[in-house]
Amino acid sequence: QVGTPELVVRVRPEDVARYSLRNSQVLDAVHAAFQARTVGQVYDRNRVVDLVLTLRRQDRADAEAVANLWLSVPNPEARAGTIDPGAAAGRIQLRQVADVYLADGRFLVAREGGGRRSTVTCNVQGRDVESFAVEVERQLKALPLPDGVSVILGGEHEARRAAERELVKLSAACGVGILILLWAAFGSARRVLLLLLNLPFALVGGVAAVYLTGGVIDVGSLIGFVTLFGITLRNGIMMLSHWQHLRDQEGMEWGPELVYRGARERLAPVLMTALVTGLGLLPIAVGSGEAGREIEGPMAQVILGGLVTSTALNLVVLPLLYRRLGN
């Protein structure tokens, strides 16, 4: 945060004591110079006007002018106690008992939890936020801090971590529910296992897309993987349910012809799902570097990469697996 310009007057206690002054006397003079002090009154008939002493406006911003302010001090004989202190007085300049300089003050003093809070922000360029934050955390742990001072790393990094943790928890809970529903629908753990074997097909393309676009897995990438797994499972369910329909409803005998026919008849729906999804996400994936697409861009890239491998392997490998394990 940008600081506020301020003029600092720092009293030197040893010099103040040498001239038999008190800190309050020095600060009172500075206060009069900046905030004004009433030193008398002028009477005009029945109107009373205060006579105010203050420093000129242009001199208040000049450290040299402030340092040249005069202060009244007792003369040496008065300080020694040989004469009445009020009988005679000397003068010294403010610079002789205080340091006067220009500095940047706090723009805002924020408080949180009963203590002061100061925020330091930065932008990360040329590398991913996650690795930068890990390095900052490592260096902050080795940094000796004064008593009562603590450091908390927040912002986009912490928000991303919280979102990733929540997404993983919710995805795991939803995954368990989906497995229960699939088992209830197909009535066979082996068929459910066949559907789960589709997920590595999508994972291959998604991981390749992440690697080719920088190798950073963020919230957008995780959302892309979740969406991609859903699309892949849908295609697998569509294939598997049609094979089951050909066998149970149409009475086809188990064998290569059943597997081939089911894959052929589900070729168009699977390809249409992949093409429509891919065409819809292609503009987002191409413009993923634009502002405002920090989440949508990686998500679209992961889905597109996974669709390529999952669609191809779904139409080739899944029929072979079903022919071997589905009976």
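**A walk through the predicted model**

Strands β2 (37–44) and β3 (47–53) each contribute at least two residues to a nonpolar patch. The structure is a predicted model, and this patch is a convenient place to start. It is a surface patch of about 410 Å², made by V39, V42, V49, L51 and L53. Strand β3 gives the most to it, with 3 residues. L53, one of the residues of the patch, is found in strand β3.

The two strands behind the patch are also partners. β2 and β3 run antiparallel and are joined by 7 bridges. Within this pairing, G40 stands opposite L51 in β3, and L51 is also one of the residues that make the nonpolar patch. What lies between the two strands of the hairpin? There are 2 residues between β2 and β3, and R45 takes a positive phi near 55° in this hairpin. The side chain of R45 also forms a salt bridge with D44, where the closest N and O atoms are 3.8 Å apart. R45 counts as exposed, because its relative accessibility of 80% is over the cut-off of 50%. D44, its partner in the salt bridge, counts as partly exposed at 34% relative accessibility.

From the hairpin, the view can be widened to the whole chain. The chain has 13 helices and 8 strands. Its radius of gyration is 39 Å, well over the 20 Å that the globule rule gives for 327 residues, so the chain is more spread out than a compact globule. The C-alpha atoms fill a box of roughly 125 × 50 × 35 Å along the principal axes. Of the 327 residues, 31% are buried. The exposed area of the chain is about 21000 Å², and carbon and sulfur atoms supply 58% of it. Contacts also join distant parts of the sequence: among contacts between residues at least 6 apart, 64% join residues at least 24 apart.

Charged pairs come next. Side chains of opposite charge can pair when their charged atoms come close. The structure holds 12 salt bridges. In one of them, the side chains of D99 and R12 meet with an N to O distance of 2.6 Å. D99 lies in strand β6 (residues 98–105), while R12 lies in the loop between β1 (4–11) and α1 (13–18), so this pair ties together parts that are 87 residues apart in sequence. Are the two partners buried or exposed? R12 is buried, with a relative accessible area of 18%, whereas D99 is partly exposed, with a relative accessible area of 34%. The pair also belongs to a wider group, since R12, D15, R18 and D99 are linked in a network of salt bridges.

Another salt bridge joins R56 to D59, and here the closest N and O atoms are 2.9 Å apart. R56 is exposed, with a relative accessible area of 52%. D59 is buried, with a relative accessible area of 15%.

The backbone has some points to look at as well. Most residues other than glycine have a negative phi, and most peptide bonds are trans. S20 is not a glycine, yet it has a positive phi of about 55°. This residue sits in the loop between α1 and α2 (23–35), and it counts as partly exposed at 41% relative accessibility. Beyond α2 the chain reaches A36, which lies in the loop between α2 and β2. A36 is likewise not a glycine, and its phi is positive, at about 75°. At 27% relative accessibility, A36 counts as partly exposed.

The last stop is helix α13 (residues 296–325), which holds V316. V316 counts as exposed at 51% relative accessibility. How far apart are V316 and A263 in sequence and in space? They are 53 residues apart in sequence, and their C-alpha atoms are 8.6 Å apart.

Notes. Residues numbered from 1 in each chain as written. Predicted model: local features only at pLDDT ≥ 70, side-chain atom pairs only at ≥ 80, totals over all residues. Heavy atoms only, no water. Patch = residues over 30% accessible without salt bridge, like charges linked within 9 Å, V, L, I, M, F, W, Y side chains within 5 Å. Areas by Shrake-Rupley, 256 points an atom, 1.4 Å probe, with all protein chains shown as cover. Salt bridge = Lys/Arg side-chain N within 4 Å of Asp/Glu carboxyl O. Helix = DSSP H or I, 4+ residues; strand = E, 2+ residues; numbered from the N terminus. Pairing = 2+ DSSP bridges. Rg over C-alpha atoms; globule rule 2.2 N^0.38 Å. Buried < 20%, exposed > 50% of the residue type's maximum accessible area, 1.4 Å probe, protein only. Contact = heavy atoms within 4.5 Å.
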